[in-house]
Amino acid sequence: MTVITETPRLIIREFTLEDAPAVLHFNAPEQVSLYTGDAGMCTTLTDAENIITNIWLAEYQQYGFGRWAVVLKETNTVIGFCGFKNETRINAVDIGYRLHPDYWGIGLATEANLACIEYAKKHMDLGIVYATVVDANSGSINVATKLGMTYHSQYQDGEFTINRYEILLKTHTV
């Protein structure tokens with residue numbers, strides 16, 4: 001397995017098929033997908049295996065990055081994902097995360113995504129990264145602002161009002 005980066009509490013690494021039970025576990029609680037628009041997409045171990053194989057592993061191959069496993073060092077447990085996604089709907093790169101609710105509110109989402117941003121600045125050719133957050137999701141809005149992201153725009157997506165945030169990772173010089 002490929003380790004991307006580490007923080008004092010976390011290891012950020014690529015997913016493997018062995019992570020399927022953990023993927024099912026962190027997607028299972030209803031509140032996890034409350035603001036994501038993908039409720040019910042991961043309800044079986046086969047669903048989790050398909051997400052790993054057909055989305056994350058495929059994105060690593062195609063783009064060299066994707067959503068990465070967030071592993072709590074203390075227990076060596078996969079507690080969620082973080083990282084980047086080539087978001088074809090906006091023709092740009094999105095940063096995002098999902099953690100099991102047992103790990104909410106203790107700064108892990110911010111810690112994981114700050115590590116991803118620092119990794120991207122040093123090792124990836126990304127100029128700008130976006131985050132899309134449902135405007136009712138104050139926790140994720142706080143994470144975006146703690147990452148140094150600034151408000152960009154707002155739009156409607158079905159029942160959700162979405163705030164888009166951005167962060168410039170590299171400045172272009174002439």
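Is Y165 buried or exposed? Y165 is buried, because its relative accessible area is 6%, and the cut-off for buried is under 20%. That is a value from a predicted model, as is everything else I will say today.

I will stay with Y165 for a moment. Y165 forms an aromatic pair with Y151, and the pair is edge-to-face, with 6.0 Å from centre to centre and 80° between the planes. Y151 belongs to strand β7, residues 150-157, while Y165 belongs to strand β8, so the pair ties together parts that are 14 residues apart in sequence. The partner is placed otherwise with respect to the surface: Y151 is partly exposed, with a relative accessible area of 47%.

How many aromatic pairs are there? The count comes to eight. Another of them joins Y63 and F65: the ring centres are 6.0 Å apart and the planes stand at 35°, so this pair is tilted. Here Y63 is partly exposed at 28% relative accessible area, whereas F65 is buried at 9%. These two residues also belong to a cluster, in which ring pairs link Y63, F65, W68, F84 and Y119.

Next, the helices. Y63 is in helix α2, which covers residues 45-63. The 19 residues of α2, at 1.5 Å a residue, should span 27 Å, and the end C-alpha atoms are 26 Å apart, which agrees. There is nevertheless a kink of about 30° in α2, centred on I52. I52 is also one of the buried residues of this helix, along with A48, I51, W56, E59 and Y60. What do the buried residues of α2 pack against? They pack against α1 (20-27), β3 (67-72) and β4 (77-87). After α2 comes G64, with a positive phi near 85°.

Helix α4 runs over residues 138-146, and its buried residues are S140, I141, V143 and A144. Around the axis they cover an arc of only 160°, which puts them on the same side of α4. The elements covering them include β5 (92-99), α3 (108-123), β6 (128-134) and β8 (160-168). As for what comes after α4, G148 follows, and its phi is positive, near 90°.

Strand β5 has just come up as part of that cover. Seven of the eight residues in β5 are buried, so to speak of the strand as mostly covered is fair. β5 pairs with β4 in the antiparallel sense, over eight bridges. In that pairing G80 stands opposite L99 of β5. The two strands form a hairpin with four residues between them, and N91 in the turn has a positive phi of about 50°.

My last residue is L108, which is found in helix α3. L108 counts as buried, at 2% relative accessibility. Which residues does L108 touch, leaving aside its neighbours within four places in sequence? L108 is in contact with R9, L10, L72, I79, L99 and Y103. L99 is the residue that stands opposite G80 in the hairpin strands. A92 is 16 residues from L108 along the chain, and their C-alpha atoms are separated by 25 Å.

To go back to the opening question, Y165 is buried, and its ring pair with Y151 is edge-to-face.

Key
Residues numbered from 1 in each chain as written. Predicted model: local features only at pLDDT ≥ 70, side-chain atom pairs only at ≥ 80, totals over all residues. Heavy atoms only, no water. Expected span 1.5 Å × (residues − 1). Bend = angle between axes of the 7 residues up to and from the residue. Buried < 20%, exposed > 50% of the residue type's maximum accessible area, 1.4 Å probe, protein only. Contact = heavy atoms within 4.5 Å. Arc of directions from axis to C-beta. Phe/Tyr/Trp six-rings, centres within 6.5 Å; stacked < 30°, edge-to-face > 60°. Pairing = 2+ DSSP bridges.
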